[in-house]
Amino acid sequence: MRSQPPVISFLSDFGLDGAAAICRGVMLRICPTAQIVDVSHTVRKYSVTDGAFILTMALPWMPIGVHLAVVDPGVGTERRPIALRVGRGDVLVGPDNGLLIGAAGALGGIVEGRELTNRELWLPETSATFHGRDVFAPVAAHLGADDASFEDLGDPIATDELVRLEEVEPSVADGSVDSQVIYVDSFGNLRLAGGIEQLQQALTPGDLAQDLQLEGLDERDASASHPVRFARTFGEADPGSLLIYVDSSGHLAIGINQGNAASRLGLASGGRVRIRRS
Amino acid sequence: MRSQPPVISFLSDFGLDGAAAICRGVMLRICPTAQIVDVSHTVRKYSVTDGAFILTMALPWMPIGVHLAVVDPGVGTERRPIALRVGRGDVLVGPDNGLLIGAAGALGGIVEGRELTNRELWLPETSATFHGRDVFAPVAAHLGADDASFEDLGDPIATDELVRLEEVEPSVADGSVDSQVIYVDSFGNLRLAGGIEQLQQALTPGDLAQDLQLEGLDERDASASHPVRFARTFGEADPGSLLIYVDSSGHLAIGINQGNAASRLGLASGGRVRIRRS
Amino acid sequence: MRSQPPVISFLSDFGLDGAAAICRGVMLRICPTAQIVDVSHTVRKYSVTDGAFILTMALPWMPIGVHLAVVDPGVGTERRPIALRVGRGDVLVGPDNGLLIGAAGALGGIVEGRELTNRELWLPETSATFHGRDVFAPVAAHLGADDASFEDLGDPIATDELVRLEEVEPSVADGSVDSQVIYVDSFGNLRLAGGIEQLQQALTPGDLAQDLQLEGLDERDASASHPVRFARTFGEADPGSLLIYVDSSGHLAIGINQGNAASRLGLASGGRVRIRRS
């Protein structure tokens with residue numbers, strides 16, 4: 001008997017209309033004592049990058065456990081189903097499309113990878129379109145129930161052959177930082193590549209104490225520029241005014257006190273921005 | 001002491017703003033060890049057919065337990081509150097409006113039905129508009145807690161008098177299948193009445209290996225026809241192109257690789273379509 | 001050993017993309033046996049009044065426990081983090097911005113308040129923008145795990161100095177009640193300040209048995225008036241027609257049988273309405 005229930009966290013782009021619940025059911029039949037923690041099921045459809053961002057943000061705060069993640073536009077094709085054991089002791093389960101890599105890094109890095117080739121741990125019948133239900137959820141649950149070990153999952157895989165997402169790096173010049181929106185959160189805050197160090201390389205403390213300018217580099221009217229203030233917290237900006245801040249995960253971010261920056265600025269994931277001295 | 005927590009699954013059209021949580025609270029007060037599995041609470045408002053579809057898809061994957069389902073436009077009227085015991089051993093609890101019938105069939109068929117006439121298992125006070133909270137949730141929780149038996153719930157009911165939804169059947173001709181959208185999932189995939197057998201009756205393997213035509217039969221411009229390919233999985237179609245596939249529950253379905261078929265085709269639940277030889 | 005898992009309910013405006021899950025993770029690391037009940041995480045962004053309404057509705061139905069609530073536009077500013085012990089025995093944890101007051105009243109009234117000044121119960125590092133994760137969730141979890149007492153949380157606070165939301169009171173005249181929309185639920189039903197007693201003061205049983213008139217007092221066209229019927233339940237009104245009813249929490253409410261009253265009437269939270277004799 002365990003004294004604590006095994007934790008299985010679960011992220012997908014399945015939405016809220018039953019597919020995630022089906023996976024939950026599959027897991028509870030295999031591991032009835034599981035404490036399943038839904039990370040998100042409203043990940044933008046097919047957006048592996050959004051899923052990877054949320055996972056990377058969230059998993060370090062979870063108890064050590066099994067982490068199931070399924071954003072899987074390549075389901076039924078040659079993309080491999082995998083599991084990664086990480087430094088902290090967790091196991092991540094999902095498709096080999098880059099979804100798991102950032103989070104694995106945030107949990108101490110990949111120690112070992114396996115391809116999920118052991119079909120005894122899958123459901124007896126598998127469909128071509130729902131590996132979340134047929135492959136990933138049962139494997140995660142067998143790990144949670146401790147009736148399969150990491151080694152049982154399948155063949156070892158070379159971690160340098162794993163599919164990885166392109167990394168976005170900000171570029172720093174004297175007086176400006178060019179970056180990119182890597183995620184738009186549910187408040188409409190724009191999370192940017194890079195952190196406080198890039199801003200401090202480009203701008204002096206004097207600059208940061210004054211209004212800065214924010215430009216959307218993909219806008220047709222290249223002259224469109226918005227005054228924006230560097231602030232520690234939303235309450236330091238007037239309601240409705242733009243601020244640049246360091247978000248709770250250390251990223252630069254753009255928000256509006258009690259407003260939606262993405263709507264106001266017309267910016268989405270992938271949008272390029274420049275933050276510069278006025 | 002049970003070794004496994006009792007499972008109560010829960011579906012409603014209550015949305016995400018607290019009504020489902022109230023029912024959860026009611027259940028946990030009666031059955032504190034319950035493992036409550038939310039199937040969906042964003043069922044299209046008042047849509048008994050959508051709720052029935054999701055239940056029928058999801059419940060076979062759940063552990064054996066109690067299944068609470070409330071999509072109940074007739075709350076407070078003469079419609080009966082019921083419970084159905086099914087072949088697999090589960091009990092379904094909800095309104096007698098057709099919501100539970102399909103799922104009961106998928107769980108081995110109805111063995112016995114009861115009208116929820118035993119008010120001792122309801123909350124002491126009941127409202128006219130929220131039987132989810134006052135009637136259905138407490139009954140489900142008493143079953144989960146095993147402090148009421150199925151027989152305790154109320155008077156037996158004749159199962160042939162239960163309200164049933166109209167069943168949609170595809171019609172097959174040489175070279176074409178006419179069917180109807182029975183559900184639009186959160187990806188915008190159109191789930192259709194009928195399965196692979198209807199398609200194979202109408203079309204030869206040679207037909208199925210080539211482009212087919214998809215027509216929306218309710219469209220004004222009856223000539224609108226879309227090329228569509230039969231595929232085993234989304235990855236077999238080019239991103240953005242239409243495919244016909246057999247979904248993970250065995251239904252014919254129409255989707256777009258990394259796109260939204262319902263938006264593209266302007267089709268919703270109830271829409272009639274023809275799939276035909278080119 | 002407890003025989004029942006500790007219950008922690010949780011409401012926020014964090015949305016569904018991972019922030020609430022992070023708080024869940026934080027809590028489960030501190031209190032692995034917690035039964036966390038999500039009340040809602042789709043509270044209208046920054047709307048303390050909507051959050052307060054939902055909490056006040058929901059918490060009386062929850063088991064006695066710890067109730068975490070975070071709608072916190074003032075995060076990182078001078079607003080105090082607080083906990084309130086209430087008559088029923090629960091503890092409410094959240095910001096001192098009025099969010100918790102109504103629910104505290106519904107749970108037997110505030111017995112004692114504390115400011116969360118004991119940083120040993122917070123996470124070791126705190127951000128300026130995510131006190132849900134860094135302050136409120138860990139405090140709630142320590143209470144749930146019973147490894148901190150209410151007295152451990154911090155300095156006592158005078159309950160008459162707590163921030164309170166303005167209360168909305170209906171006004172009654174002969175033949176009419178003026179009230180205000182205090183919440184729009186997910187069905188589009190308009191929950192109003194006041195209950196059956198105000199309606200009965202203004203209108204005779206004879207009035208209530210006939211069509212009434214509903215006017216939106218903020219509409220430009222002041223003559224716009226809608227016939228509406230007082231009904232016990234939705235099924236008593238024809239599909240698509242307006243009704244006034246007493247909702248399951250005792251508030252007056254306006255709905256449409258199988259429709260959305262807020263959309264139809266163009267009314268939102270804060271909108272003023274008059275219900276009058278025809």
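Author: A salt bridge is a side-chain nitrogen of Lys or Arg within 4 Å of a carboxyl oxygen of Asp or Glu. Between chain B and chain A the count is 0 salt bridges. This is a predicted model, where local features need pLDDT of at least 70, side-chain atom pairs count only at pLDDT 80 or more, and totals for chains, interfaces and linings use all residues. Residues are numbered from 1 along each chain as its sequence is written, chains are lettered from A in the order in which they are written, and side-chain values use heavy atoms, with hydrogens and water left out.

Reader: What makes a residue part of the contact between chain B and chain A?

Author: Contact means heavy atoms within 4.5 Å. By that rule, the contact takes 35 residues from chain B and 27 residues from chain A.

Reader: How do you know what area chain B and chain A bury between them?

Author: Buried area is the accessible area (1.4 Å probe) that two parts lose on being put together, summed over both. For chain B and chain A that comes to about 2,400 Å², with 60% of it on carbon and sulfur atoms. On the chain B side, Trp61(B), Phe187(B) and Ser248(B) lose the most area to chain A. Together they make up 28% of what that side buries.

Reader: What counts as a polar contact, and how many residue pairs make one across the interface of chain B and chain A?

Author: It is a pair of N or O atoms within 3.5 Å; within protein, one must be able to donate a hydrogen and the other to accept it, and residues adjacent in sequence count only if both atoms are side-chain atoms. The rule finds 14 residue pairs across this interface, both residues at pLDDT 80 or more.

Reader: Which element gives the largest share of the side of chain B that touches chain A?

Author: Strands (E, at least two residues) and helices (H or I, at least four) are DSSP runs, numbered from the N terminus. Elements giving two or more residues to this side include β2 (35–40) and α2 (48–58) of chain B. The largest share, 6 residues, comes from β2(B).

Reader: Why are the two copies, chain A and chain B, said to be related as by a three-fold rotation axis?

Author: Copies are superposed by least squares on the C-alpha atoms of residues with pLDDT of at least 70 in both. Chain B can be laid on chain A with an RMSD of 0.0 Å, by a turn of 120 degrees and a shift of 0.0 Å along the axis. The two copies are therefore related as by a three-fold rotation axis. In chain B, the C-alpha nearest that axis belongs to Gln35(B), 5.3 Å from it.
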